[in-house]
Amino acid sequence: MIRVFLFILLFPTLVFADARVSQLQALVPGMVEFIEEHTDYVYKGWDYPDIIINTQKEICAGVYAEPRPDCDVAGYYNDDTNTIYIRDSPTQHMVEDRFSEVVLVHELVHFLQYHDGTYEEVKCRQNLEKDAFMIQEKFVSLQNIDPKQAPDPLFALIVSSCPREMPFLMFPGEG
């Protein structure tokens, strides 16, 4: 008992992160059902992804080839390791209200997309964000979560569109 108490005193964030991960893992089956109810995705018994809560710096290093100390990424799904990484604090455009749950439901859409073959069917990887943002918005609305957790519509449109589908944006070597 004394060792456990000492461990908690020395590593409180580790214990807290473990508790949050356990809570999130318990929510996964219900969230997958939520996604199935609101999309054409069908869960076929694949192993649920592991969940890891990381700092902003760790999230940025996992997302970008050339790591940056700061980025505004809330989380991501790594299909090579079947792992969802969630930032330990909200991004600049999000708030605390069930932040980890909102990121988790978004990333679970990518988990289903990967396993059902949608990754191979889209024009570009950005298109995968359309359903993930739609589910995020529905989840926030139907769960009475702070509306600031819903994606900004313009941001969602830009992030989920292939570069060549965005005629109002200029890209190097075009136009």
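**Exercise 1. Is the crossing of α4 and α6 right-handed or left-handed?**

Before solving, two notes on the model. This is a predicted model, in which local features need pLDDT of at least 70 and side-chain atom pairs count only at pLDDT 80 or more, while totals for chains, interfaces and linings use all residues. Residues are numbered from 1 along each chain as its sequence is written, and side-chain values use heavy atoms, with hydrogens and water left out.

*Solution.*

Step 1: find the helices. Helices here are DSSP runs of H or I with at least four residues, strands are runs of E with at least two, and both are numbered from the N terminus. Helix α4 covers residues 99–116, and helix α6 covers residues 129–142.

Step 2: look at the geometry. Two packed helices are described by the angle between their axes and the distance between the axes. The axes of α4 and α6 come within 9 Å and cross at roughly 145°. Axes are lines fitted to C-alpha atoms, for helices over the stretch in contact, and angles run from 0 to 180 degrees between N-to-C directions.

Step 3: assign the hand. A crossing is left-handed if the near helix is turned anticlockwise from the far one by less than a right angle, and right-handed if clockwise. The crossing of α4 and α6 is right-handed.

Step 4: list who touches whom, with contact meaning heavy atoms within 4.5 Å. From α4, the contact includes Val102, Val105, His106 and Val109. From α6, Ala132, Phe133, Gln136 and Phe139 are among the residues taking part.

**Exercise 2. Check the span of α4, then describe its surroundings.**

*Solution.*

Step 1: the expected span is 1.5 Å times one less than the number of residues. For the 18 residues of α4 this should give 26 Å, and the end C-alpha atoms are 26 Å apart, which agrees.

Step 2: count the covered residues. Buried means under 20% relative accessible area, exposed over 50%, and partly exposed in between, using a 1.4 Å probe and protein chains only. In α4, 15 of the 18 residues are buried.

Step 3: move past the end. Gly117 follows α4 and has a positive phi, near 95°.

**Exercise 3. Work out the layout of the sheet.**

*Solution.*

Step 1: write the order. The 3 strands form an open sheet ordered β1-β3-β2, with mixed pairing. Two strands pair if DSSP finds at least two bridges between them. β1 (50–54) and β2 (75–78) each have a single partner strand and stand at the edges, so one side of each is left without a neighbour in the sheet. The average twist from one strand to the next is 20°.

Step 2: read the pairings. β1 and β3 (residues 83–87) run parallel and are joined by 5 bridges. Asp50 has Thr83 as its bridge partner in β3, and Ile53 has Ile86. β2 and β3 run antiparallel, with 4 bridges, and here Asn78 stands opposite Thr83. In the hairpin of β2 and β3, 4 residues lie between the strands, and Asn82 takes a positive phi near 50°.

Step 3: look at the faces of β3. Thr83, Tyr85 and Arg87 point one way, Ile84 and Ile86 the other way, and all are buried.

**Exercise 4. Which residues does Ser160 touch, not counting residues up to four places away in sequence?**

*Solution.*

Step 1: place Ser160. Ser160 sits in the segment after α7 (153–159).

Step 2: classify Ser160. Its relative accessibility is 5%, so Ser160 counts as buried.

Step 3: name the neighbours. Ser160 touches Gln126, Asn127, Glu129 and Lys130. The Ser160 side chain also reaches the backbone oxygen of Ala156, at 2.6 Å.

**Exercise 5. How many helices and strands does the protein chain have?**

*Solution.*

Step 1: the secondary structure comes to 7 helices and 3 strands.

Step 2: along the sequence, the pattern reads α-α-β-α-β-β-α-α-α-α.

Step 3: of the 175 residues in the protein chain, 40% are buried.

How values were computed. Polar contact = N/O pair within 3.5 Å; in protein donor to acceptor, adjacent residues only side chain to side chain.
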